[in-house]
Structures are given as structure tokens and as C-alpha cells.
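Subject: Structure handover

Hello,

Here is the structure I said I would pass on. Please look through it, then read the notes below.

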Protein chains: 2
Amino acid sequence: MRADALRNRTRIIDTAREVFREQGYDASLDEIAKRAGVGAGTLYRHFPTRDALLDAIMQTWVDRVEEAAEKALAFEGPPRELLLGWFDVYVGLISLHRGGPAKITSALGDPDSPIRTKCEVLTGAFERVMQRLRDADALREGVDTVQAARLVGGVATVADDGGLDAAAVRPLLVVVADGLLRA
Amino acid sequence: MRADALRNRTRIIDTAREVFREQGYDASLDEIAKRAGVGAGTLYRHFPTRDALLDAIMQTWVDRVEEAAEKALAFEGPPRELLLGWFDVYVGLISLHRGGPAKITSALGDPDSPIRTKCEVLTGAFERVMQRLRDADALREGVDTVQAARLVGGVATVADDGGLDAAAVRPLLVVVADGLLRA
DNA sequence: GACAATACGGAGACAGTCTCCGTTTAGCAA
DNA sequence: TTGCTAAACGGAGACTGTCTCCGTATTGTC
């Protein structure tokens, strides 16, 4: 890749991250191009669709998921707390930008999603946490990872759309956790 | 209201219902106007915002919620089945048009929402069902109606966004129900 | 039948998406 | 260094959707 192309690419990604954080995932792409100091054509050449740009942005913080999962796995304490702690982190991560929860959760389990690889990292991390609980025989029968991720993603989506704060989200996650854990 | 105004109003509502059903809540309003055989100005005069139009459309089927709640209340059987049956109906109702679950669920508990009155009908029905279970001492402590509606709405939203069918939705609702019901 | 009051409708201003293509630049080879 | 070519740039403009403005038409009343 030519040096100028690479330079523009990173500029676009950085700017997009900033703009998406400020305005959510439906921000104007032309504005992102303008702020990044490139023409619209350049943006669209690098990222033919909005989702392609999204995918590039997610790269950075998908890495954080791994750490968070490790931390959850190392947690010594009751399963309910472990699960709730993980849910909190997960919701925080997918809610970094407005529109994120819906985008990500709807892509779970979709093999054709443009952000598939990123979602696989997420479900991978989720799976490890769930497996840890399964090993401890803490989960009900027939509970599977994608279902759990969808439930938590649903909570995050509702919170995102409705502007709920952490205090309003907590009880919802508690219900989901109680529904997943062995009674 | 003048006769021609009323005629146009109903034409617009009927057309909008049709178009929204076909294309979801983000369909073009100009197309609705065109299909209804009126000018864009006429549509916007009757319904200044997309939400105002939505509100008018919801009227018809909000009525169905009442019946459905009555039916649920009359149900003789285990609380878990009652709750799941109600969830199914509720999800079906708010999912009539694409985009509906997110729209409606994010409006729950928002006193400034343009579809507030419709949401109140929904939560009212939801509340009666929940109260019935509370009377039977079937619910966990501290479970409240809006929380339950948000959870079910979250499931419906995820299903709507991700194109999940009833078979994929069922287990999610089961988890929510188990989380709400006394262990 | 005339005259307000009310309602209509579509042209057009505006904003966002996305493409096309003439211009510029990086990188390499002589 | 210079010259060359493939690669990349960028912005004008076509297109779509939102929403307003205002000249025109219709309704219902006296």
C-alpha cells in the first residue's frame, strides 16, 4: 500500500472514531471525510460501505474484550457475580458508540455480516466465560452462548436507544443472569 | 375537520400502514404521499413528523393489546405458561412492522415521546398481567413492569434487527421469564 | 352565488450518499 | 535526477429523501 494511501486510511479511521463517538453510527460520512481532510471519493475507496468503516474502527477495542474476558475468568467468587461483572463489561464495550449495541447484536450469528470477524471475537470471549460457568455447573440446561449474548445485547440496545443509565440497566441484567443461572 | 381533509387523512394512514409493513418504519414519506395520491405538503400538514404518523397507525392495533391482555388474564394454568403466552403475543404485536420493537421499547417510560399515549396502553396491559402474577405470588421481589417490558422489548428488537424467527426467539423469552419468576 | 376559511400540492431548498473521471503523487528504474 | 506509470486523490454532480412555502383550489356557510 502506498504511503499516502496508508496515511489517509488511518486519518479516516481516527476521525471516524471521533465523529461516531460524538454523533453515533448514523453520522454523515461526508463530514468525516471533510474533517479528515480528504475527499469523499477517498473515503469511499477505502471503505465502500459504512459497515466497512465500522469494522475498521471496532478493531481497536475488540482487543479490549480479550483482556476483559481474561479478567472475568480469573474472578474468584460466586457465579452470579462473575456473570454480572462480565455483562457489565460487555455492555460497556458494545455501547461505546451510539448505535453500537444494535449493530453488533444483530450481526451475531450472521455469517454474511460485514463485521463478522469482530463479532466472532466477541462471541469467543463470551463463550469462554460461559464455559467457565458451565464447568462449575452453574448454568441451566440448554443455555447457549449466542442466546446469552443476544439477551445481553438486547438489554444494551434498549438502554442505548432509550438513554438508560447504568442504574436502570443493572436490574435488567440481573433478570437475565437469574434466568441463565441454575435456580 | 373538512371532509376532504378527513378523506386525505385516512388515505394517508391506510397507505402508510401498507408501506411501513412492506418496507419498515424508515420507508420514504414522499413515497407514501405519492401512493396515497396526495402532495407531500398534505402529508406533512397532517403529520408534521414521522412519529406523528406512526402514532396514528398504532391506534388500530393498540386496541388488540387490550383483548390479548384479557385473554392472558383469563388463562387458567401455571404462571410460567401464562407469562410466556403473554410475551409471545406482546412480541408479535410490537413486531408488526420492521423497526417497531426498537421504536416502541425506547419510548417506554419517556414522558415526552410522541407515541406516549400508545405506550401507556401497552404498559397498562403489561401491568395487569404482571399484577395477576404478583397476586399469585409468582414473581420475584422487586420486579417491576417497565423492566419486564424493556426486557421483552429488547428481545423483540434483537429479533427484528437480526431477522430471528419465532423458534429462535422462544428460548430468549424463556430466560427472561425464568429470571422474573420466583425460583 | 359569493366569500372566507381551510386545505391542497408540488416546486424547490437542503442534506446525505455515492460515483466518475480529470488531476496529482509515490515509487521505481534508468 | 529525471522520467514514467500505476496508484491514489478529490470534488463536482447525480440521485434520493426530508420538509417548507406559497399560489391555487375546495369546502361549507350565509
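A side-chain N or O atom of B:Arg50 is 2.4 Å from a phosphate oxygen of DNA strand D. Please keep in mind that this is a predicted model. Two backbone contacts from chain B go to the phosphates of strand D as well: a polar backbone atom of B:Leu29 is 2.9 Å from a phosphate oxygen, and a polar backbone atom of B:Ala3 is 3.1 Å from one.

Which residues come nearest to DNA strand D? Of the 22 residues around the strand, they are A:Arg2, A:Asn8, A:Arg45, B:Asp30 and B:Arg50. Of the atoms of strand D that come within 4 Å of the protein, 60% belong to sugar and phosphate. Both chains take part in this surface: at least two residues each come from α1 and α3 of chain A, and from α1, α2 and α3 of chain B. Helix α3(A) has the largest share, with 5 residues. Sorted by class, the surface near strand D holds 8 nonpolar, 7 polar and 7 charged residues.

Now the other strand. Around DNA strand C there are 22 residues, of which A:Asp30, A:Arg50, B:Arg2, B:Asn8 and B:Arg45 come nearest. Here sugar and phosphate make up 62% of the strand atoms that come within 4 Å of the protein. Phosphate oxygens of strand C have polar partners in both chains. In chain A, a polar side-chain atom of A:Ser28 lies 3.4 Å from a phosphate oxygen. In chain B, a polar side-chain atom of B:Thr42 is 3.2 Å from a phosphate oxygen, and a polar backbone atom of B:Gly39 is 3.4 Å from one. The elements giving two or more residues to this surface are α1 (3-23), α2 (29-36) and α3 (40-46) of chain A, plus α1 and α3 of chain B. Helix α3(B) gives the most, 5 residues. The surface near strand C is made up of 8 nonpolar, 7 polar and 7 charged residues.

How are the two protein chains related? Chain A superposes on chain B after a rotation of 180° with 0.0 Å of shift along the axis, at an RMSD of 0.0 Å. This is the relation of a two-fold axis. The same surface serves both copies, since 100% of the contact residues of chain A recur in chain B.

Helix α1 of chain B, which takes part in both DNA surfaces, can be checked for length. The helix runs over residues 3-23, so at 1.5 Å a residue its 21 residues should span 30 Å, and its end C-alpha atoms are indeed 30 Å apart. The buried residues of α1(B) are B:Ile12, B:Ile13, B:Thr15, B:Ala16, B:Arg17, B:Val19 and B:Phe20. They pack against α2 (29-36), α3 (40-46) and α4 (50-74) of chain B. After the helix comes B:Gly24, with a positive phi near 85°.

One last residue: is A:Thr105 buried or exposed? A:Thr105 sits in helix α6 (residues 100-107) of chain A. Its relative accessible area is 2%, so A:Thr105 is buried. Leaving aside residues up to four places away in sequence, A:Thr105 touches A:Ile94, A:Ala149, A:Arg150, A:Gly153, A:Gly154 and A:Thr157, along with B:Val158 of the other chain.

Regards

Conventions. Residues numbered from 1 in each chain as written. Chains lettered and ligands numbered in written order. Predicted model: local features only at pLDDT ≥ 70, side-chain atom pairs only at ≥ 80, totals over all residues. Heavy atoms only, no water. Helix = DSSP H or I, 4+ residues; strand = E, 2+ residues; numbered from the N terminus. Expected span 1.5 Å × (residues − 1). Buried < 20%, exposed > 50% of the residue type's maximum accessible area, 1.4 Å probe, protein only. Contact = heavy atoms within 4.5 Å. Least-squares fit on C-alpha atoms with pLDDT ≥ 70 in both. Near = heavy atom within 4 Å. Polar contact = N/O pair within 3.5 Å; in protein donor to acceptor, adjacent residues only side chain to side chain. Nonpolar A, V, L, I, M, F, W, Y, C, P; charged D, E, K, R; others polar.
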